[in-house]
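Biologist: Please take a close look at the side-chain and helix contacts in this model. Which parts meet, and through which residues?

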Amino acid sequence: MLNRFYVRERGKGKKAGGVPLVLLHGFPFAGSLWEKQLDALDDEMWAVAPDMPGFGQSTAVGKVEDATVDDYADAIAAWAKGEGIDKLTLAGHSMGGYVALAFARRYPQLLHRLVLVATKAGADTEAGREGRYKMARDVEERGAQAVVDAMLPKLFAPSAYDEQKEVVEGIRELMMNQNREGIRSAIFAMASRPDSGPGLADIDVPTLIISGAEDAIMPAAEAETMRNGIKGAQHVAIEGAGHLLMLEDPTAFNRALREFLNNEG
Ligand code: MLT
């Protein structure tokens with residue numbers, strides 16, 4: 001199959017001195033997760049939201065059990081090279097954050113600024129890894145439905161899950177549209193990811209951490225661990241928002257993002 005790395009792109013050539021903001025979605029979504037940021041930032045900056053390999057319209061990494069977060073970081077670097085981009089601001093949500101940390105380790109020369117959203121630096125525990133392998137088996141049998149059953153309610157703060165029905169249904173549909181190979185590759189990549197904790201001290205670009213105060217998937221302490229580990233990092237916690245904070249409260253999320261991007265070079 002021909003390799004395809006699909007990106008949604010807005011505001012090319014605007015502000016930001018030719019440095020794009022590249023928004024990496026989490027598991028198991030696609031670049032459309034960031035529509036509310038792309039729309040809001042359209043007039044202000046060059047913003048790009050790829051479908052990570054194996055999700056949406058992008059070709060999978062070509063491995064399943066052996067996939068690594070580095071494969072995803074390499075796909076982004078290859079895309080940037082193909083576009084002639086020599087600096088980018090990377091914003092990664094959850095699994096996208098694991099990939100952003102892998103990118104920071106592998107391609108520090110390409111990184112202009114970093115935004116870590118509802119993510120963490122640590123590796124999986126042994127029990128966490130076993131849970132992922134079980135999920136991979138469930139996905140092999142039942143496809144995306146297995147992930148929807150396991151994750152959907154946990155993705156939102158309780159009030160958002162009850163009140164934002166359209167958003168919740170949109171996410172269910174987005175998850176259901178993802179294919180088994182892409183989902184399973186990402187599960188194995190997350191399970192094998194290294195501990196990025198020791199590398200935090202090496203990150204020397206302006207960094208913003210955004211978390212949802214009611215995130216049931218990423219405990220609040222994870223954001224503070226990253227803030228303490230990365231020199232000069234800022235942390236904004238969005239009250240009342242869960243794991244999908246960029247959708248649950250786009251106004252607060254976009255404000256935090258804008259302030260950081262406008263003030264940090
Ligand atoms: C995500 O939202 O990307 C995942 O929940 C992250 C994970 O499972 O560790």
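Modeller: Here is a walk through ring pairs, helix packing, two buried side chains and some backbone details. This is a predicted model, where local features need pLDDT of at least 70, side-chain atom pairs count only at pLDDT 80 or more, and totals for chains, interfaces and linings use all residues. Residues are numbered from 1 along each chain as its sequence is written, and side-chain values use heavy atoms, with hydrogens and water left out.

Rings come first. The structure holds five aromatic pairs (rings of Phe, Tyr and Trp, the last by its six-membered ring, with centres within 6.5 Å; planes under 30 degrees apart are stacked, over 60 edge-to-face, the rest tilted). One of them joins Trp34 and Phe253, tilted, at 6.2 Å centre to centre and 45° between the planes. Trp34 sits in the loop between strand E2 (21-24) and helix H1 (35-41), while Phe253 sits in helix H11 (residues 250-263), 219 residues apart. Helices (H or I, at least four residues) and strands (E, at least two) are DSSP runs numbered from the N terminus. Both Trp34 and Phe253 are buried (under 20% relative accessible area; exposed is over 50%, partly exposed in between, with a 1.4 Å probe and protein chains only).

A stacked pair joins Tyr133 and Phe188, with 5.8 Å between centres and 25° between planes. Tyr133 belongs to helix H4 (residues 126-142) and Phe188 to helix H8 (residues 180-191), so this pair ties together parts 55 residues apart in sequence. Tyr133 is partly exposed, because its relative accessibility is 27%. Phe188 is buried at 12%.

H8 also carries Arg184. Its relative accessible area is 11%, so Arg184 is buried. Leaving out residues up to four places away in sequence, Arg184 touches Val64, Glu65, Ala136, Val139 and Glu140; contact means heavy atoms within 4.5 Å.

Val139 turns up again where H4 meets H5. The two helices pack at about 130°, axes 6 Å apart. Axes are lines fitted to C-alpha atoms, for helices over the stretch in contact, and angles run from 0 to 180 degrees between N-to-C directions. H4 is therefore oblique to H5 (under 35 degrees is roughly parallel, over 145 roughly antiparallel, 65 to 115 roughly perpendicular, the rest oblique). H4 brings Met135, Asp138, Val139 and Arg142; H5 brings Ala144, Gln145, Ala146, Val147, Asp149 and Ala150.

After H5 comes Phe156, in the loop between helix H5 (144-151) and helix H6 (158-163). Phe156 is buried, because its relative accessible area is 3%. Not counting residues up to four places away, its contacts are Tyr161, Val167, Val168, Ile171, Gly242, Leu244 and Glu248.

Next, helix H2 (residues 69-83) and helix H3 (residues 95-106) pack at about 70°, axes 8 Å apart. So H2 is roughly perpendicular to H3. The H2 side includes Val69, Tyr72 and Ile76, and the H3 side includes Tyr98, Ala102 and Phe103. Arg193 lies over the face of Tyr98, 3.9 Å from the ring centre (NZ of Lys or CZ of Arg within 6 Å of the ring centre and within 35 degrees of the ring normal).

Last, the backbone. Most residues other than glycine have a negative phi, and most peptide bonds are trans. Ser94 has a positive phi of about 55°, in the loop between strand E4 (88-93) and H3. Ala118, at about 45°, is also positive, in the loop between strand E5 (111-117) and H4. Ser94 is buried at 7%, and Ala118 is buried at 4%. The peptide bond from Phe27 to Pro28 is cis, omega near -5°; Pro28 lies in the loop between E2 and H1.
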